[in-house]
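I sat down with this model today and kept notes as I went. Here are the entries, in the order I looked things up.

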Protein chains: 2
Amino acid sequence: MARGQGVTIRDVARRAGVSITAVSHALNGKGTLSEETRARVKAVADELGYQADAFARGMRQGSIGAIGLVLRSLDALGDYTPVGVDVFERFAGIVSARALAKGLSITLVPDLTRSPVPPLAFSMDGYIIMSPHEEDPVAALLERRGIPYVAYGNIPGRPDFIHWASEDDPYAAHQLLTHFQMAGAREVVLVSGTDTNAWNKDFQAEYRRWCSEQGTTPRIYEQSERSGVDGGREAGERILADGVPEAVLCMTGRHAAGVQQALQAAGVSVPGQTLIAAASDSEHARSSRPAITAFELNPAGCADQLLEMLQDLLATGNAQGPRLTKARLRPRASTRRD
Amino acid sequence: MARGQGVTIRDVARRAGVSITAVSHALNGKGTLSEETRARVKAVADELGYQADAFARGMRQGSIGAIGLVLRSLDALGDYTPVGVDVFERFAGIVSARALAKGLSITLVPDLTRSPVPPLAFSMDGYIIMSPHEEDPVAALLERRGIPYVAYGNIPGRPDFIHWASEDDPYAAHQLLTHFQMAGAREVVLVSGTDTNAWNKDFQAEYRRWCSEQGTTPRIYEQSERSGVDGGREAGERILADGVPEAVLCMTGRHAAGVQQALQAAGVSVPGQTLIAAASDSEHARSSRPAITAFELNPAGCADQLLEMLQDLLATGNAQGPRLTKARLRPRASTRRD
DNA sequence: ATGATTGCATAAAACGTTTTACGACTCTAA
DNA sequence: TTAGAGTCGTAAAACGTTTTATGCAATCAT
């Protein structure tokens with residue numbers, strides 16, 4: 001049997017010579033037991049290696065101390081397709097580690113809307129959903145079921161939904177563009193992703209705003225997040241076909257690496273003729289030659305914020321949001337003009 | 001409340017005008033109900049959006065349809081440290097997607113041996129543990145609790161433990177070395193990782209065997225898996241200090257990329273003077289110039305094998321093992337001599 | 001001496017299922 | 001008629017907790 005080693009609350013009670021109520025109270029710090037009895041019961045429980053059965057407890061209490069994580073890129077992962085951004089790949093691990101520190105389990109749920117739904121799915125205390133997009137069906141389903149959830153990134157088209165956290169995208173975009181400006185570039189090309197999430201939308205919006213402020217014409221090249229370095233090269237070739245740019249801002253480190261390779265292959269020097277930067281750091285940005293300036297996102301910080309917000313939501317029924325964390329710009333050789 | 005929308009088996013029974021037993025039997029295909037009654041009950045259940053409470057069911061049946069995954073690199077991920085091999089990062093996602101297809105949830109458990117243990121941890125039906133090492137404490141704990149588990153990679157020093165799956169490492173090592181040989185290299189340098197897992201051990205063993213067969217002296221450079229491309233460069237410099245090699249075999253794609261950069265920086269041409277290959281593919285191997293020959297591991301295949309083995313173990317108490325999947329060599333420009 | 005208060009412990013109900021055992025019919029065969 | 005065999009359905013126990021309500025002493029105030 002997977003469940004327990006057979007040692008139940010009854011075993012502890014018998015061994016300690018008390019009722020099962022006493023054991024429950026002693027172990028949970030409730031009721032009106034004498035300190036002496038409490039101590040004795042705890043000792044016996046330890047000795048027997050007793051652990052309260054999670055299901056029995058969950059059934060009685062209505063909550064289980066476990067939360068679900070809907071990881072968006074999992075669909076793509078089904079057949080091991082690489083995805084674009086460092087953050088996606090590590091987020092499960094990060095959330096999990098942080099959740100543990102708060103005494104919560106986390107369960108990965110690939111897609112809540114496709115059946116068969118995993119047995120535990122609707123018994124989670126709450127959910128974190130990653131990068132929700134417009135009309136997100138998972139968010140809708142959770143709402144219908146009355147299961148609390150928070151999101152990594154806002155839900156586009158749902159300004160009323162406040163329980164989300166993310167990096168401060170407009171701030172990051174602004175800082176990156178200003179960084180280009182400082183380095184001497186006035187016209188910037190944007191290589192954007194294709195997902196309709198807040199990340200892409202916010203950056204594009206800030207980029208357009210900045211362009212109109214500068215009086216320059218926006219040049220946006222869309223490229224699927226999933227296409228990786230090869231997609232970056234392709235985008236780079238498209239850009240070159242329209243003229244050598246002063247600066248290129250890519251949403252992912254992989255795209256940036258690819259664009260850089262395409263430019264260099266065409267004899268364009270980086271950072272001599274063209275500056276390059278990425279809106280999300282990844283090992284590709286770090287290990288390219290020259291190394292590519294990038295924004296280092298803060299998934300650990302966001303994970304903390306999300307968990308905290310979810311815990312508030314579970315405990316009190318509401319929570320403050322949204323919560324923004326500040327990412328940090330990592331200037332590297334790709335934007336350094338000596 | 002997170003738990004359900006309040007609709008229980010009793011509600012369904014009342015609405016359908018039958019007993020709760022009838023509902024349970026109808027929905028689980030048991031008992032001796034007429035087809036007509038079954039259909040009616042199912043219709044009502046659908047209409048009400050009834051979902052059996054996972055805890056109540058788990059409590060009664062003793063199993064829950066959920067398995068735990070102990071992901072080894074999670075400790076390192078706590079503060080977002082990059083790790084060496086593609087496979088590690090994606091394995092959670094892959095297992096999760098595959099598990100879903102089999103109707104199982106998967107719960108990430110960072111470290112079973114460190115308290116507080118997540119509430120659900122000991123209620124899982126079984127576990128998959130990743131890359132166990134010698135004297136693995138997690139394996140020991142699960143054994144003590146009588147919880148079935150399978151491992152991705154064998155447990156070094158435990159030949160009696162058979163419930164594991166992995167790529168066929170010795171075969172991969174042999175094929176890679178033969179590939180070098182075909183391309184004209186007789187002396188091969190090995191850049192090994194530092195973890196004491198089966199992966200490193202098996203490769204080293206096969207490498208040594210091959211060297212003695214060829215009558216050449218093994219040259220092994222150890223480099224931590226966590227050091228990434230920078231570590232690869234460092235290893236490359238160490239190698240060069242000992243002389244320009246005919247061929248370099250790296251355990252990770254990142255190391256290979258770094259070694260290649262170090263060689264190129266020193267004016268050594270790849271593949272002209274030195275061949276390079278990696279024992280595990282990663283985007284770094286794919287996107288380096290020249291692209292680096294690598295072994296494409298098969299984590300999806302292993303995940304399937306592991307889940308199947310675990311299901312056998314849960315159902316019958318034993319399972320056949322170990323199970324080896326064949327990885328595929330991806331020849332690329334870094335070993336191509338025209 | 002009596003009634004009220006306090007301190008400690010417990011009995012029993014409840015959570016929502018699944019399962020076992022049994023009951024009430026209807027039909028067939030003698 | 002009645003025994004035996006099927007057919008369809010249900011009552012009740014059980015899973016392992018937590019919680020509510022209650023009980024029993026001993027102590028206290030009158």
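**Entry 1: ground rules.** For sorting residues, I count Ala, Val, Leu, Ile, Met, Phe, Trp, Tyr, Cys and Pro as nonpolar, Asp, Glu, Lys and Arg as charged, and the others, Gly among them, as polar. I am working with a predicted model, where local features need pLDDT of at least 70 and side-chain atom pairs count only at pLDDT 80 or more, while totals for chains, interfaces and linings use all residues. Residues are numbered from 1 along each chain as its sequence is written, chains are lettered from A and ligands numbered from 1 in the order in which they are written, and side-chain values use heavy atoms, with hydrogens and water left out.

**Entry 2: DNA strand D.** I took "near" to mean that a heavy atom of the residue lies within 4 Å of the strand. I found 28 residues around DNA strand D, with A:Ile9, A:Ser24, A:Arg57, A:Arg60 and B:Thr37 the closest. By class, this surface has nine nonpolar, 13 polar and six charged residues. Sugar or phosphate accounts for 44% of the strand D atoms within 4 Å of the protein, and bases for the rest.

Next I went through polar contacts (N or O pairs within 3.5 Å; within protein, one atom must be able to donate a hydrogen and the other to accept it, and residues adjacent in sequence count only if both atoms are side-chain atoms). The side chain of A:Lys30 has a polar atom 3.0 Å from a phosphate oxygen of strand D. A:Tyr50 places a side-chain N or O atom 3.0 Å from a sugar or linking oxygen, and B:Arg60 places one 3.0 Å from a base nitrogen.

Which helix gives the most to the surface near DNA strand D? I got helix 2 of chain A, with five residues; helices here are DSSP runs (H or I, at least four residues), numbered from the N terminus.

**Entry 3: DNA strand C.** Here I found 27 residues, and B:Ile9, B:Arg10, B:Ser24, B:Arg57 and B:Arg60 come nearest. They divide into nine nonpolar, 12 polar and six charged. On the strand C side, 45% of the atoms within 4 Å of the protein belong to sugar or phosphate and the rest to bases.

For polar contacts I noted A:Thr37, 3.0 Å from a phosphate oxygen, A:Thr32, 3.4 Å from a base nitrogen, and B:Thr21, 3.3 Å from a base oxygen. Helix 2 of chain B gives the most to this surface, with five residues.

**Entry 4: helix 2 of chain B.** I looked up its buried residues (under 20% relative accessible area, 1.4 Å probe, protein chains only) and found B:Ala22, B:Val23 and B:Ala26. Seen down the helix axis, they fall within an arc of 100° (taken from the directions to the C-beta atoms), so they line one face of the helix. They pack against helix 1 and helix 3 (35-48) of chain B (contact: heavy atoms within 4.5 Å). B:Gly29 follows the helix, with a positive phi near 65°.

**Entry 5: away from the DNA.** I checked the domains of chain A, whose bounds come from an automatic or database assignment: domain 1 (9-61), domain 2 (66-166 + 300-324) and domain 3 (169-297 + 330-335). The C-alpha centres of domains 1 and 3 lie 60 Å apart.

My last stop was A:Gly228, in helix 10 (residues 228-241) of chain A. Is A:Gly228 buried or exposed? At 6% relative accessibility, A:Gly228 counts as buried. Leaving out residues up to four places away in sequence, A:Gly228 touches A:Arg254, A:His255 and B:Glu283.

Methods:
Helix = DSSP H or I, 4+ residues; strand = E, 2+ residues; numbered from the N terminus. Buried < 20%, exposed > 50% of the residue type's maximum accessible area, 1.4 Å probe, protein only.
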